[in-house]
Amino acid sequence: MSSRGLEGVVAAESSISSIIDGVLTYRGIDIDDLADNASFEEVIYLLWHGKLPTQSELDQLKKDLATNASIPQEVIDQIRLYPKGIHPMAALRTAVSALGLYDQEADIMAEDINFQKAIRLQAKIGTIVTAFARIREGKEPVSPNTELGFAANFVYMLTGESPSDIAVDAFNKALVLHADHEFNASTFTARVTVATLSDMYSGITSAIGALKGPLHGGANEQVMAMLEEIGETEKAEEYIQNALNNKEKIMGFGHRVYKDGDPRAKHLREMSKRLTQITGEPKWYEMSVKIHDLVEGQKGLKPNVDFYSASVYYSLGVARDLFTPIFAVSRASGWIAHILEQYANNRLIRPRADYVGPQKQEYVPIEKRA
Ligand SMILES: CC(=O)SCCNC(=O)CCNC(=O)[C@H](O)C(C)(C)COP(=O)(O)OP(=O)(O)OC[C@H]1O[C@@H](n2cnc3c(N)ncnc32)[C@H](O)[C@@H]1OP(=O)(O)O
Ligand SMILES: O=C([O-])CC(=O)C(=O)O
C-alpha cells in the first residue's frame, strides 16, 4: 500500500531541523529563540555547521556573503532578455540555473569546494531576485554594498535606498523563520536531485521549481491576492463563507505536519500587527485576523507560515509576486544544508510505485487500432 503524497513516510535521517510535538527546531534550538534573537547569518552558520558561530566565525561568514554577492554580468545580461511579464520565480529558477554555468567549480564535489559554492550561491540568490525586480521596472540593478549584512543588503538592492532599521529587522526575522523546515517538498526535491550526485546548482534549481507552486511557497502570494480581492474586513465573512461552501482551499491555512498550528505563524502575526500599524494600513492585519478566526472556527484549520507573511511583506512595500522569491532566498540556506547532508551520506533516492494500471496487454499494430 502506498501513502498518498507520502504522508507520514519517514524518508531518511536528518540532523538539521526537527518538528516534534509541534515544536520546530533548527539543530535542536527552538525557532522561538532564534526568531527573537538570531541574525539570518547566524542561522545560516547553524544550519550548515551544526552549531552557532563564534563572533569571529560569524564575522567571517558575513564578510564572505557580502563579498560574494555580485552576480556575473552575463547573468544580468540574460535577465534583461527574459520575456516581459514572467513570474519572478520562473526568472529565479532560470537565473540560478544560469549562475551554475559561470561557476567553474559547479561540478567539483569535494567537501571544502561545496562549502565555498554554498557561500557563493547563498550570497548571490538575493542579488538575482533584486536585479530581476529592478530590471523589469526599467531600472538598473543595484550592486551589493559589502558593508551591509544580508537582510539590509537585500532591502538596499531592492529599493536602491538605505534601509530603515524597522525594515531590516523585519526582513531578518522573516528570513530566520523561513530558513529550514525538515523534509518539505522543495527540500526533498533538492535532496532527490543531488542524491544522483548531480551538482548543487541543479539541486537548488529544482527546489525553486518545487517551492513555486501554490500548495507550497507560492501560497504567500495567493494569500495577498485574496486579501486584496476581499478589499475590506467587512467583506471577509461572505468571501470566506462562499469559498468554503464551494470547497475551495483558503491559501495560507492547513499543513501536512502541523495539525495544532505552525509555530512560525504567531511571530508573523505579531509582525503583521506592528508593521500595518506603522504603515497606517491596519486593515490588512485586521482582515487577516478575521479570516483566521473564520477558517479556524469553521474548519479547524490554522494558519501556516504563508498566511501572515503576506501582510508583512506587503507592509514592507514588496511587490506581491516577490513574496515567494524572498521565501526562496531564505530557504536556500536550508536547501544547501540538506544538500551538504545528502552528499555526506549519500544513497540514490528511488522509491517504488504501486502499479495499478492494466497488465498483460498486447501490442496492437497501428493499422489495427480503433
Ligand atoms: C510553506 C508551506 O508550504 S506551508 C503550506 C502552504 N500551502 C497553502 O497554504 C495552501 C493551502 N493549504 C493546503 O492546500 C493544504 O493544507 C496543504 C497542501 C498545505 C497540506 O495539505 P494535505 O496534508 O495534503 O491535506 P489535504 O489537502 O489532503 O487536505 C485535507 C482536508 O483538509 C482540507 N483543507 C486542507 N487545507 C485547506 C485549506 N487551506 N482550505 C480549505 N480546506 C483545506 C482539504 O480540502 C481536505 O478536506 P477533505 O478531507 O474534506 O477533502
Ligand atoms: O513543511 C512543509 O510541508 C511546508 C512548510 O511549512 C515549509 O516548507 O516551511
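Here is a short walk through a predicted model, from a small sheet to a helix and then to the ligand.

Let's start with the sheet. It's an open one, with three strands in the order 1-2-3 and antiparallel pairing. Strand 1 (17–20) and strand 3 (29–30) sit at the edges, each pairing on one side only. As a reminder, strands of a sheet pair through backbone hydrogen bonds, either parallel or antiparallel. Between strand 1 and strand 2 (residues 23–26), which run antiparallel, you'll find four bridges. If you want one to look for, take Ser17: its bridge partner in strand 2 is Tyr26.

Now jump along the chain to helix 11, residues 219–230. Does its length make sense? What you'd check is the span: a rise of 1.5 Å a residue over twelve residues should give 16 Å, and because the end C-alpha atoms of helix 11 are 16 Å apart, the two agree. Plenty of helix 11 is covered up: Ala219, Asn220, Glu221, Gln222, Val223, Met224, Met226 and Leu227 are buried. Helix 14 (283–299), helix 15 (305–315) and helix 16 (323–344) are among the elements covering these buried residues. Right after helix 11 ends, Gly231 takes a positive phi, about 80°.

Ala219 brings us to the ligand. This buried residue of helix 11 is also one of the closest to ligand 1, along with Phe253, Gly254, Arg256 and Asn304. In total, 18 residues surround ligand 1. What's the mix by class? The shell has seven nonpolar, seven polar and four charged residues.

Definitions and conventions: Residues numbered from 1 in each chain as written. Chains lettered and ligands numbered in written order. Predicted model: local features only at pLDDT ≥ 70, side-chain atom pairs only at ≥ 80, totals over all residues. Helix = DSSP H or I, 4+ residues; strand = E, 2+ residues; numbered from the N terminus. Expected span 1.5 Å × (residues − 1). Buried ≥ 20, exposed ≤ 12 C-beta atoms within 10 Å, placed from the backbone. Contact = placed C-beta atoms within 7 Å. Near = placed C-beta within 6 Å. Nonpolar A, V, L, I, M, F, W, Y, C, P; charged D, E, K, R; others polar. Pairing = 2+ DSSP bridges.
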